[in-house]
Amino acid sequence: MSRQMHARRLDGVDKNIWVELTQLAADYKVVNLGQGFPDFAPPKFLQDAFCKAVSGDCLMHQYTRAFGHPSLVTILAQLFGQLVGHEINPLDDVLVTVGAYQALFCAFQALVDEGDEVIIIEPFFDCYQPMVKMAGGTHVYVPLRPRGDSNLSSGDWVLSAEELASKFTAKTKAIVINTPNNPIGKVYKTEELQVIADLCIKHDVVCISDEVYEWLTYDGTKHVKIASLPGMWERTVTIGSAGKTFSATGLKVGWAIGPSHIIKHLKTVHQNSIYHCPTAAQVAVAESFQTEYERFGSPESYFKLLPALLHHKRNKLAACLESVGLQPTLPEGGYFMIADISSISFDSDDTISQDEPLDYRFVKWLIKKKGLAAIPVSAFYSPEHGKEVQNYVRFCFAKEDSTLTAAEEIFKKWGSEK
Ligand code: PMP
Ligand code: GLN
């Protein structure tokens with residue numbers, strides 16, 4: 001018998017929705033409202049900072065400090081210290097990573113032992129589940145559910161405090177939250193975060209808070225950092241992404257911020273895997289944050305301009321979806337919108353497997369027959385619970401107006417054919 005050539009920890013984590021659907025979208029040359037990345041240019045100050053970094057000092061092309069370029073950890077500590085209301089030590093409390101993905105990976109590897117349980121709130125950004133598994137942990141799911149019959153706003157999707165409390169056991173090591181949430185766009189209110197915080201404190205559990213869409217909130221909704229609640233700084237790892245902050249997902253600069261007694265363990269994972277992140281990209285991000293820090297709260301701030309731009313795009317996409325009977329759930333934050341497909345009839349042909357969940361079949365049909373890419377929402381659920389949400393698909397609205405207009409044309413043509 002030949003030897004098995006892969007480690008057991010990879011069993012069951014080989015499928016990846018982004019790999020599969022990004023390829024399908026490319027094959028069919030679609031209007032792409034699938035994968036979450038802006039197709040508009042990042043702000044000029046970021047582009048200028050990047051050009052300056054790569055064309056300046058030759059040390060910009062060499063290794064830098066393992067845990068983050070000094071200029072970047074300094075400005076992150078300064079800005080986030082004010083937002084969290086806690087002094088942040090740039091050298092001890094901040095780790096710069098290859099995007100938020102690596103910050104998440106370091107957090108799970110650093111915190112989760114064989115047999116530990118990690119609570120994940122469904123729907124969740126898909127990588128949490130394989131990352132917990134690869135760390136040897138067990139995932140425990142708790143769902144956001146639409147309140148009553150209403151799911152018109154992402155705020156209608158709520159956690160049951162009793163159900164959440166019932167998931168905490170002696171084995172619970174961590175809980176992962178994501179606010180603003182991908183895919184629904186829910187922005188957790190202070191009261192909702194307080195319920196989670198109280199349970200974390202009661203059971204001595206770490207909170208991993210994925211806040212990559214922190215600047216993107218709409219209609220006056222406020223993003224609140226769980227690390228700012230009393231007693232939570234000590235037990236929270238807050239994760240962010242320059243890709244999402246500055247509309248430049250190709251930068252792959254992210255960070256984890258938290259107390260040194262936790263961050264030091266993430267550093268151990270980082271130093272033994274990646275070691276350090278690209279220097280010039282970090283310097284460009286540092287300079288961009290410096291620019292934003294100096295005009296924080298002013299109308300010229302990109303952190304105000306970007307949500308204003310996306311607010312308009314969100315409303316445009318919602319109107320398009322409604323026009324063909326796809327009922328959207330209006331997001332309070334982030335750059336995705338889910339829509340209910342139950343009123344749509346579609347013929348999935350023999351290139352699409354009938355064994356797949358309805359939302360996967362719908363998305364494949366949409367790509368192949370309508371030339372429009374979206375993402376099935378069951379991809380953001382555990383296999384056990386995915387079946388319950390087969391009626392939803394996710395669209396990204398962080399797109400050029402011309403892309404949204406091209407989608408609108410597809411929807412109009414589709415509407416006229418019905
Ligand atoms: N968390 C969430 C919720 C995301 O949507 C994404 C995708 N951007 C990431 C983490 C990963 O971010 P990055 O591109 O910075 O690795
Ligand atoms: N976070 C992005 C999304 O949800 C992209 C994820 C990816 O490409 N791996 O669409």
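## Strand E2 and its partner

Let's start with strand E2, residues 94-97, where Val94 and Val96 point one way while Leu95 and Thr97 point the other way, and all of them are buried. This is a predicted model, so every feature in this tour is a feature of a prediction. The partner of E2 is strand E10, residues 254-257, and the two pair in the antiparallel sense over four bridges. To find one of these contacts by eye, look for valine 96, whose bridge partner in E10 is tryptophan 255.

## The four-stranded sheet

Next comes an open sheet of four strands, in the order E11-E12-E15-E14, with antiparallel pairing. Strand E11 (327-329) and E14 stand at the edges with a single partner strand each, so one side of each has no neighbour in the sheet. As background, strands of a sheet pair through backbone hydrogen bonds, and the pairing can be parallel or antiparallel.

It is easy to walk across this sheet one pair at a time. E11 is joined to strand E12 (residues 336-340) by three bridges, and these strands run antiparallel. Here proline 328 stands opposite alanine 339 in E12. Five bridges then join E12 to E15, again running antiparallel, and methionine 337 stands opposite phenylalanine 395 in E15. The last step pairs E14 with E15 in the antiparallel sense over two bridges, with arginine 394 in E15 as the bridge partner of isoleucine 375.

## What surrounds the sheet

How much of E15 is covered? It is mostly covered, as five of its five residues are buried. Tyr392, Arg394 and Cys396 point one way from E15, Val393 and Phe395 point the other way, and all are buried.

Helix H11 (residues 302-323) lies across E11, E12 and E15, and it runs at about 15° to E12.

## Helix H12, a largely enclosed helix

Helix H12 covers residues 358-370, and at 1.5 Å a residue its 13 residues should span 18 Å; the end C-alpha atoms are 17 Å apart, which agrees. Ten of the 13 residues of H12 are buried, so the helix is largely enclosed by the rest of the structure. Among those buried residues are Tyr360, Phe362, Val363, Trp365, Leu366 and Ile367, and also Asp359, Arg361 and Lys364.

What covers the buried residues of H12? The cover includes helix H1 (17-27), helix H14 (401-417) and three strands: E13 (372-373), E14 (375-376) and E15 (392-396). Two of the sheet strands, E14 and E15, therefore appear here again as part of the cover of H12. Just after H12 comes glycine 371, whose phi is positive, near 70°.

## Two helices that cross

Two packed helices are described by the angle between their axes and the distance between the axes. Helix H4 (residues 99-111) and helix H9 (residues 260-271) pack at an angle of about 105°, with their axes 8 Å apart. That angle makes H4 roughly perpendicular to H9.

From H4, the residues Gln102, Ala103, Cys106, Ala107, Gln109, Ala110 and Leu111 meet Ile262, His265, Leu266, Val269 and His270 in H9. By class, the contact of H4 with H9 has eight nonpolar, four polar and no charged residues.

## A meeting of distant residues

Glutamine 290 lies in helix H10 (residues 279-294) and is partly exposed, with a relative accessible area of 30%. Which residue comes within 6.5 Å of glutamine 290, C-alpha to C-alpha, despite lying 215 residues away in sequence? That residue is isoleucine 75.

## Unusual backbone spots

Most residues other than glycine have a negative phi, and most peptide bonds are trans. Against that background, a few places in the loops are worth a look. A cis peptide bond joins glutamate 122 and proline 123, with omega about -5°; proline 123 sits in the loop between strand E3 (117-122) and helix H5 (128-134). Another cis peptide bond joins threonine 179 and proline 180, with omega about -15°, and proline 180 is in the loop between strand E7 (172-178) and helix H7 (190-203).

The loop between helix H8 (242-245) and E10 holds serine 247, which has a positive phi of about 55° although it is not a glycine. Lysine 252 lies in the loop between H8 and E10 too, and its phi is near 50°, also a positive value in a residue other than glycine. Buried or exposed? Serine 247 is buried, with a relative accessible area of 5%, whereas lysine 252 is partly exposed, with a relative accessible area of 34%.

Note on methods
Residues numbered from 1 in each chain as written. Chains lettered and ligands numbered in written order. Predicted model: local features only at pLDDT ≥ 70, side-chain atom pairs only at ≥ 80, totals over all residues. Heavy atoms only, no water. Expected span 1.5 Å × (residues − 1). Buried < 20%, exposed > 50% of the residue type's maximum accessible area, 1.4 Å probe, protein only. Contact = heavy atoms within 4.5 Å. Axes fitted to C-alpha atoms, helices over the stretch in contact; angles between N-to-C directions. Parallel < 35°, antiparallel > 145°, perpendicular 65-115°, else oblique. Nonpolar A, V, L, I, M, F, W, Y, C, P; charged D, E, K, R; others polar. Pairing = 2+ DSSP bridges.
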